[in-house]
Amino acid sequence: MDELKFRREAYENPNNHDDDFLSAMRSSDERQVFVKDLKRLDSQIESALKVDVPEGLEAKLLLNQQLHQHQVQRRKTGFTMALVASVAFVAGISFTLLRLGPVDLGQHALAHVYHEDMALISHDDVSFNTINTQLASLGTLANARFTEQPGQVLYSTYCDFQGVKSIHLVMQGAQGKVTLFIVPVEDRMILDEAFADNRYQGMGFAADNAYMLLVGEHHDDLNNIKEEIKQSFI
């Protein structure tokens with residue numbers, strides 16, 4: 001083994017027990033002293049690294065790490081909560097403004113028919129006394145009521161017109177079904193005498209303290225039921 005290779009292996013591991021390395025080391029007193037010095041240096045370095053950890057240092061380091069993570073999480077949580085609060089505030093304001101803003105009864109009636117299309121498949125036989133009980137429970141129509149059956153009523157329930165509790169009826173016309181909404185009058189409401197989309201036709205009129213909104217597919221049915229309501233609703 002030449003001198004360069006010997007010194008390289010000695011630097012890498014002075015405690016090398018390979019036969020070639022040991023044979024090369026023993027061939028020269030200078031090499032043995034060199035390896036001895038390297039072993040002593042390794043021992044000094046190892047001793048220097050063996051420093052006792054101060055009591056409680058591990059716990060302190062762990063606590064510091066946990067506090068740092070908590071601060072980071074709190075900042076993230078604080079930002080998230082602030083964002084959620086802001087969104088909730090804006091949503092609340094928007095919802096309030098929506099409830100207090102003008103109500104286009106015609107467009108709302110059309111949307112309501114589409115939203116509750118299951119009402120159109122009902123075939124109940126609802127009496128005008130049942131409808132009168134529902135009207136009385138609204139508490140906003142004074143003594144408004146039907147004096148007689150306004151035709152065949154297939155469905156009757158409560159509904160919401162932008163925060164106004166109302167009545168939703170489905171009646172049988174000569175050519176098809178007609179939806180009737182009875183909505184207590186409020187100043188913010190906009191009533192159109194006629195409205196429509198590409199499927200339904202609509203008609204609106206006032207009766208005492210209520211707005212009547214009729215929605216159906218056939219104009220003749222709307223006219224006929226309108227006359228029935230005018231004769232029976234007081």
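**Entry 1: two helices**

I started with helices α1 and α2, which are roughly perpendicular to each other. This is a predicted model, so I keep that in mind for every number below. I looked up the angle: the axes of α1 (residues 3-12) and α2 (residues 19-26) cross at roughly 110 degrees and come within 11 Å. The crossing of α1 past α2 is left-handed. On the α1 side I noted Phe 6, Glu 9 and Ala 10 in the contact, and on the α2 side Phe 21, Ala 24 and Met 25. Sorted by type, the contact residues come out as five nonpolar, one charged and no polar.

**Entry 2: the whole protein**

Next I stepped back for an overview. I counted seven helices and eight strands in the protein. Of its 234 residues, 35% are buried. I also checked contacts with a separation of 6 or more: 53% of them are accounted for by residues 24 or more positions apart.

**Entry 3: the sheet**

In what order do the six strands of the open sheet come? I read it off as β2-β3-β4-β8-β7-β6, with antiparallel pairing. The edges are β2 (153-161) and β6 (194-196); each has a single partner strand, so one side of each is left without a neighbour in the sheet. From one strand to the next, I get an average twist of 20 degrees.

Then I looked at what lies against the sheet. Helix α6 (residues 128-138) packs on it and touches β2, β3 (164-172) and β4 (177-184). The direction of α6 makes about 10 degrees with that of β2.

**Entry 4: the β2 edge**

I began at one edge. β2 and β3 run antiparallel and are joined by eight bridges. One pair I picked out is Val 153, which stands opposite Met 171 in β3. The two strands form a hairpin with two residues between them, and in the turn I found Gln 162 with a positive phi of about 50 degrees.

**Entry 5: two residues of α6**

I wanted to see the helix from the inside, so to speak, and chose two of its residues. Ile 131 lies in α6. Is Ile 131 buried or exposed? Ile 131 has a relative accessible area of 0%, so I wrote it down as buried. Leaving out residues up to four places away in sequence, Ile 131 touches Val 126, Phe 146, Val 153, Ser 156 and Leu 169. I also took one distance: Ile 131 and Tyr 155 are 24 residues apart in sequence, and their C-alpha atoms are 9.9 Å apart in space.

Phe 128 is in α6 too. With the same sequence neighbours left out, up to four places away, Phe 128 touches Phe 146, Thr 147, Glu 148, Gln 149 and Pro 150. Phe 146 turns up again here: it is touched by Phe 128 and by Ile 131. From the C-alpha of Phe 128 to that of Val 153 I get 8.3 Å, though they are 25 residues apart along the chain.

**Entry 6: strand β8**

How many residues of β8 (residues 210-216) are buried? I found seven of seven, so the strand is largely enclosed by the rest of the structure. In a regular strand, side chains alternate between the two faces of the sheet. In β8 I see Ala 210, Met 212, Leu 214 and Gly 216 pointing one way and Tyr 211, Leu 213 and Val 215 the other, and all are buried.

β8 has β4 as an antiparallel partner over seven bridges. It is also joined to β7 by seven bridges, again antiparallel. I followed Leu 213 to see both partners: Phe 181 stands opposite Leu 213, and so does Gly 204.

**Entry 7: β7 and the other edge**

The last stop was β7 (residues 201-207). β7 is mostly covered, with five of its seven residues buried. With β8 it forms a hairpin with two residues between the strands, and Asp 208 in that turn has a positive phi of about 55 degrees. Ala 206 has Tyr 211 in β8 as its bridge partner.

On to β6, which pairs with β7 over three bridges in the antiparallel sense. These two form a hairpin as well, with four residues between them. Going along the pair, I noted Ala 194 opposite Met 203 in β7 and Phe 195 with Gly 202 in β7 as its bridge partner.

Terms used
Residues are numbered from 1 along each chain as its sequence is written. This is a predicted model: local features need pLDDT of at least 70, side-chain atom pairs count only at pLDDT 80 or more; totals for chains, interfaces and linings use all residues. Side-chain values use heavy atoms; hydrogens and water are left out. Axes are lines fitted to C-alpha atoms, for helices over the stretch in contact, and angles run from 0 to 180 degrees between N-to-C directions. Angles under 35 degrees count as roughly parallel, over 145 as roughly antiparallel, 65 to 115 as roughly perpendicular and the rest as oblique. A crossing is left-handed if the near helix is turned anticlockwise from the far one by less than a right angle, and right-handed if clockwise. Contact means heavy atoms within 4.5 Å. Ala, Val, Leu, Ile, Met, Phe, Trp, Tyr, Cys and Pro count as nonpolar, Asp, Glu, Lys and Arg as charged, and the others, Gly among them, as polar. Two strands pair if DSSP finds at least two bridges between them. Buried means under 20% relative accessible area, exposed over 50%, partly exposed in between (1.4 Å probe, protein chains only).
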